[in-house]
Amino acid sequence: MEKPSRKLKKTLLILGVTGAVYLSFRYLLPLVIPFLIAYVFALSLRPSALWIERKTRFTVKKKVISVPLAVIGGVEIILLMVVFGIALYFGGRKLTMEATLLFQNLPRIMRDLENWLMENCTFAEEFLKLPDGYMLKVVKEILSGGEAAIKSRAMSFLMLNSMSIIKWLVQVTVLTVILFIATILTLQEMDDIRTRRDNSMFCYEYAMLGNRLMTVGSAWLKTQGTIMLFTMGICSAGLFFMGNPYFILLGIGIGLLDALPIFGTGTVLIPWAIAAMVNKNWVYGIGLIIIYIICYFLREIMEAKIMGGKVGLTPLETLVSMFVGLQLFGLLGFILGPIGLLIIEDIVELYGGTCYNGKKDTQKEERG
């Protein structure tokens, strides 16, 4: 019986690894992701917990007693949650004040929008030689219809999904408790986990995948998190100096939008600047453009400085993997796509070699 060729083996290996990665992401990852997050949290808390554990040791009758790492980690998590809760409270209070002010000024904003539409509709009617008031009537019908549709859909959504929202809140609460307990236990059993990993027959594969995930994940999270925080700060500060009363609300919204791969700060700032200049508010429009330029160069510099060559994918490979991940896993696929491609490449490289390794040997075998 003729042995399968090297190309066939490589093709089967790629298909098998790709299928295994897809099935793992689709069915296995949702089951283990809380514990993976707990492991990352435990790794982050371990240095400080070990330092505190060493500093709190004391000897009683020649026996060294120290505070368990689980207790130290639990206290650290609670303190971090308290700090986060305080920041969330004051930040949410400020956002609520800005949102309330926005709703109070909404009628005036709508009147200004209507006046702006009247001016531009009049110009469009004269340019297109349409009857007077025709464009304005069409725009008003569209706006009124859209408003009615939003209200009806919002009410129906709240009525139909109220139980789903309650269920989601319960699931989040349960997940938070599990994450808290898993982090404490992982911190306490970290040495045992590493020993079992190192003694496993798959220790090399664990090390390879773990290093890849840690390198790519930490680089990506560090980059996106830093850029998002800086973007929020720059946008909020710029809008504050420009006298915008909703500077924090808009700054956070623009920063979150910039974190999405397809969108960016230009999605909001450029149309906003154009609209301001059309209304002859040149200073405001130029200010928005300056904010956009600063955010744009900040992203370029930060991505080049922090990410560097750690990811290991070309821009085209990144784009393709993100698109495929989006189609397969939704918004989470923006992250899972590139990570999955890297895992596939590493495993195929490990077990199959590069496409050109052993090319001469293969040619000799085919001649033979």
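These are my notebook entries on a predicted model, covering its overall make-up and then a few residues and helix contacts that I looked up.

**Entry 1: overall make-up**

I began with the secondary structure, and I found 12 helices and 2 strands in the protein. Reading from the N terminus, I noted the order of elements as α-β-β-α-α-α-α-α-α-α-α-α-α-α. I then looked up burial, and of the 368 residues of the protein, 26% count as buried. For the surface I wrote down an accessible area of about 25,700 Å², with 71% of this belonging to carbon and sulfur atoms. I also checked how far along the chain the contacts reach: among those between residues at least 6 apart in sequence, 68% join residues at least 24 apart.

**Entry 2: the nonpolar patch**

I next asked which residues make the nonpolar surface patch of about 790 Å². The list I copied down is Leu 28, Leu 31, Val 32, Phe 35, Leu 36, Ile 166, Val 170, Val 174 and Ile 178. Two helices, α1 (6-55) and α4 (134-188), each supply at least two residues of this patch, and α1 gives the most, with 5 residues. I took Leu 36 as one member to look at by itself, and I located this residue in helix α1. Leu 36 has a relative accessible area of 45%, so I entered it as partly exposed. That value also fits the patch rule, because a patch residue needs over 30% relative accessible area.

**Entry 3: α1 against α5**

I stayed with α1 and turned to how this helix packs on helix α5 (residues 190-198). The angle between the two is about 120°, and their axes lie 12 Å apart. I recorded the crossing of α1 past α5 as left-handed. On the α1 side the contacting residues are Tyr 39, Ala 42, Leu 43 and Arg 46, and in α5 they meet Met 190, Asp 191, Ile 193, Arg 194 and Arg 197.

**Entry 4: the salt bridge**

How many salt bridges does the count give? The count comes to 1 salt bridge, and I found a salt bridge between Asp 191 and Arg 46, with the closest N and O atoms 2.8 Å apart. This pair links distant parts of the chain, since Asp 191 sits in helix α5 and Arg 46 in helix α1, 145 residues apart. I then checked whether each partner is buried or exposed. Asp 191 has a relative accessible area of 46%, so I noted this residue as partly exposed. Arg 46 has a relative accessible area of 12%, and I therefore entered the arginine as buried, because the cut-off for buried is under 20%.

**Entry 5: two pairs far apart in sequence**

My last look-ups concerned residues that are separated along the chain, and for each pair I wrote down the C-alpha to C-alpha distance. Ile 227, which I placed in helix α6 (residues 203-241), is 68 residues from Cys 295 in sequence and 8.6 Å from it in space. The relative accessible area of Ile 227 is 0%, so I listed this isoleucine as buried. For the second pair I went back to α1, where Ala 20 is found. Ala 20 and Ile 344 are 324 residues apart in sequence, and their C-alpha atoms are 9.2 Å apart in space. At 40% relative accessibility, Ala 20 counts as partly exposed, because that class runs between the 20% limit for buried and the 50% limit for exposed.

Methods:
Residues are numbered from 1 along each chain as its sequence is written. This is a predicted model: local features need pLDDT of at least 70, side-chain atom pairs count only at pLDDT 80 or more; totals for chains, interfaces and linings use all residues. Side-chain values use heavy atoms; hydrogens and water are left out. Patches are made of residues with over 30% relative accessible area and no salt bridge: like charges are joined within 9 Å, nonpolar side chains (Val, Leu, Ile, Met, Phe, Trp, Tyr) within 5 Å. Accessible areas come from the Shrake-Rupley method with a 1.4 Å probe; for residues, only the protein chains shown count as cover. A salt bridge is a side-chain nitrogen of Lys or Arg within 4 Å of a carboxyl oxygen of Asp or Glu. Helices (H or I, at least four residues) and strands (E, at least two) are DSSP runs, numbered from the N terminus. Buried means under 20% relative accessible area, exposed over 50%, partly exposed in between (1.4 Å probe, protein chains only). Axes are lines fitted to C-alpha atoms, for helices over the stretch in contact, and angles run from 0 to 180 degrees between N-to-C directions. A crossing is left-handed if the near helix is turned anticlockwise from the far one by less than a right angle, and right-handed if clockwise. Contact means heavy atoms within 4.5 Å.
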